[in-house]
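Colleague: Please take one part of this model and go through it closely, residue by residue where that helps, before setting it against the rest of the chain. A connected account would suit me better than a list.

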Amino acid sequence: MIPHKEQDGEENNKEIVEKDWSLLNGLALAYVGDAIYEIYIREHLVQIGYTRPNQLHKTATKYVSAKAQNMLMHEMLEEENLLTEKEIEMYKRGRNAKSHTTAKNADIITYRTSTGFEALMGYLHLSKQTKRMEELISWCINTMEVKNNVQR
């Protein structure tokens, strides 16, 4: 469990307090979600036999680019009963967060949708919903492999 930052007057309170990660800033959730999702994708690619660094990087971008995450998020939202209300809320928190940066290779709408996707992954990871996060990541991997006609 990650301890929370102590507020003024809490110096003597050394207990670890469970955080409500749904209250965290959408960009902070996306920051964590970006890293977590990429780790799962990298692990998946190595497990299915990719070993050369250039090949790994090129293939990984098909899964982790803003364009890919935008497409995946739209597919998840369209799939009936795939996401819970809370998961949609966390996606929207990230999507609607005001970022002062933009992606190099994506328009603002694509970039914001992918930020929402990452915020959802970050929320699931931080709130220890690992099984659920892995279900969604597996769904994303399968979806991308069908779309890209990838043979395992």
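Modeller: I will start with Lys86, which is found in helix H4; please keep in mind throughout that this is a predicted model. With a relative accessibility of 31%, Lys86 counts as partly exposed, because this value falls between the 20% limit for buried residues and the 50% limit for exposed ones. Between the C-alpha atoms of Lys86 and Tyr123 the separation is 10.0 Å, although the two residues are 37 places apart along the chain.

Before going further into single residues, the overall layout is useful. The protein chain holds six helices and zero strands, and its pattern along the sequence reads α-α-α-α-α-α. Of the 152 residues in the chain, 37% are buried. If one takes the contacts between residues at least 6 apart in sequence, 64% of them join residues at least 24 apart.

The part that I would look at most closely is the packing of H3 and H5, and Thr113 is a good place to enter that region. Thr113 belongs to helix H5, which covers residues 108-126, and it counts as buried because its relative accessibility is 4%, the cut-off for burial being under 20%. The side chain of Thr113 reaches back to the backbone oxygen of Ile109, at a distance of 2.9 Å. Leaving aside residues up to four places away in sequence, Thr113 touches Asn70, Met73, His74, Tyr91 and Arg95. Among these partners, Asn70, Met73 and His74 are also named on the H3 side of the contact between the two helices.

As for the geometry of that pair, helix H3 (residues 66-78) packs against H5 with the axes 8 Å apart and at an angle of about 70°. H3 is therefore roughly perpendicular to H5, since the angles that qualify run from 65 to 115 degrees. The handedness of this crossing is left-handed. On the H3 side the contact is built from Ala66, Lys67, Gln69, Asn70, Leu72, Met73, His74 and Met76, while H5 contributes Ile109, Thr110, Thr113, Ser114, Phe117, Glu118 and Leu120. Sorted by class, the residues in the contact of H3 with H5 are seven nonpolar, six polar and two charged. Ile109 thus appears twice in this account, as the residue whose backbone oxygen the Thr113 side chain reaches and as one of the H5 residues that meet H3.

A second helix pair can be set beside this one. Helix H1 (residues 26-47) and H6 cross at roughly 55°, and their axes come within 11 Å. This makes H1 oblique to H6, and the crossing is right-handed. From H1, the residues in contact are Ile36, Tyr37, Tyr40, Ile41 and His44, and from H6 they are Thr130, Met133, Glu134, Ile137, Cys140, Ile141 and Glu145. In this contact of H1 with H6, the division is into eight nonpolar, two polar and two charged residues.

Ile41 then leads on to helix H2, because contact here means heavy atoms within 4.5 Å and Ala60 touches Ile41 as well as Leu45, residues up to four places away in sequence not being counted. Ala60 lies in helix H2 (residues 53-64) and counts as buried, with a relative accessibility of 5%. The C-alpha atoms of Ala60 and Glu38 are separated by 7.9 Å, with their positions 22 residues apart along the chain. Thr59, which also has its place in helix H2, is buried at a relative accessible area of 12%. With the same exclusion of residues up to four places away, Thr59 touches Leu45 and Tyr50.

Two loop residues deserve a backbone check. Most residues other than glycine have a negative phi. Asn81, however, has a phi near 65°, a positive value in a residue other than glycine. Asn81 is found in the loop between H3 and helix H4 (85-95), and it counts as exposed at 71% relative accessibility. Lys128, likewise not a glycine, has a positive phi of about 60°. Its position is in the loop between H5 and helix H6 (130-147), where Lys128 counts as exposed with 54% relative accessibility.

Note on methods. Residues are numbered from 1 along each chain as its sequence is written. This is a predicted model: local features need pLDDT of at least 70, side-chain atom pairs count only at pLDDT 80 or more; totals for chains, interfaces and linings use all residues. Side-chain values use heavy atoms; hydrogens and water are left out. Helices (H or I, at least four residues) and strands (E, at least two) are DSSP runs, numbered from the N terminus. Buried means under 20% relative accessible area, exposed over 50%, partly exposed in between (1.4 Å probe, protein chains only). A polar contact is a pair of N or O atoms within 3.5 Å; within protein, one must be able to donate a hydrogen and the other to accept it, and residues adjacent in sequence count only if both atoms are side-chain atoms. Axes are lines fitted to C-alpha atoms, for helices over the stretch in contact, and angles run from 0 to 180 degrees between N-to-C directions. Angles under 35 degrees count as roughly parallel, over 145 as roughly antiparallel, 65 to 115 as roughly perpendicular and the rest as oblique. A crossing is left-handed if the near helix is turned anticlockwise from the far one by less than a right angle, and right-handed if clockwise. Ala, Val, Leu, Ile, Met, Phe, Trp, Tyr, Cys and Pro count as nonpolar, Asp, Glu, Lys and Arg as charged, and the others, Gly among them, as polar.
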